[in-house]
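Work through the exercises below with the sequence and the 3D view open. Each task is followed by a solution in steps.

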Amino acid sequence: MTNLVDLDLNWALAPHLPAGPEGPYCLPSSLVTLSLSSQGHTSPAPMACWVAQLPGCPQLQHLMLHYGEGPHHHSTHPSAVTAVLAEHHPRLCSLQTPNVPVATVFTAHVPGLPDAAGEVARQWHPSAALAALKRLERLGGGGLLVIRDLADWQHLVQLTALKELAAACVCCVPQLAPGATLVLLDLWHCRVELGGRDMGLLLLACPQLLKLPAHRRL
């Protein structure tokens, strides 16, 4: 299926073995849009095994991860997936993790995949790997993404194409160079834990903003 560009995988079945760093990979290399879902699965193996196949899709531009309840392997955590994307998918335009259930954790064991070296936090913070996705226009945090300090913003502001940030928690304001602004147009269903002055500073940093957060704590 070398012409397939759009694939939605919600199968409770996984590849026979997870792909190694050099493959072999079983997803079509032509994929542009991929949706992976673990909703309704009783095993953490399917999503983890499919995530291991991502390096075999060099044309990928849109990725959506639908997490189900219960334990997942640490390799499916958004921070781990982002590291894979930064290395293999520089053309990525959209990364979405909608509606992550509260019960979702990343502590499960999956045969054929290494366990996490230490405790895996449920929260997801912007990283250098995320900042490497220079073409990213849409980022959905699924309630896991937290912008807690200036170091988080320093990574996020490097996404100069980012127009939409959804379902993230914003706990501080960015510090930009004089005259610099963010191109963000949409803060959708973000939780903004800022006081009135800081909320004003955030809005000043995003002068093109078209949609305000749906949830604010002033």
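**Exercise 1.** Locate alanine 167 in the secondary structure and describe its phi and its exposure.

Solution. Step 1: alanine 167 lies in strand 6, residues 164-170; strands (E, at least two residues) and helices (H or I, at least four) are DSSP runs, numbered from the N terminus. Step 2: phi of alanine 167 is near 50°, a positive value in a residue other than glycine. Most residues other than glycine have a negative phi. Step 3: the relative accessible area of alanine 167 is 22%, which makes this residue partly exposed (buried is under 20%, exposed over 50%, partly exposed in between; 1.4 Å probe, protein chains only).

The model is predicted: local features need pLDDT of at least 70, side-chain atom pairs count only at pLDDT 80 or more, and totals for chains, interfaces and linings use all residues. Residues are numbered from 1 along each chain as its sequence is written, and side-chain values use heavy atoms, leaving out hydrogens and water.

**Exercise 2.** Do likewise for asparagine 99.

Solution. Step 1: asparagine 99 lies in the loop between strand 4 (94-96) and helix 3 (128-131). Step 2: asparagine 99 is not a glycine, yet has a positive phi of about 50°. Step 3: with a relative accessible area of 68%, asparagine 99 is exposed.

**Exercise 3.** How many helices and strands does the protein chain have, and which pattern do they follow?

Solution. Step 1: the protein chain has five helices and nine strands. Step 2: along the sequence the pattern is β-β-α-β-α-β-α-β-α-β-β-β-α-β. Step 3: of the 218 residues of the protein chain, 48% count as buried.
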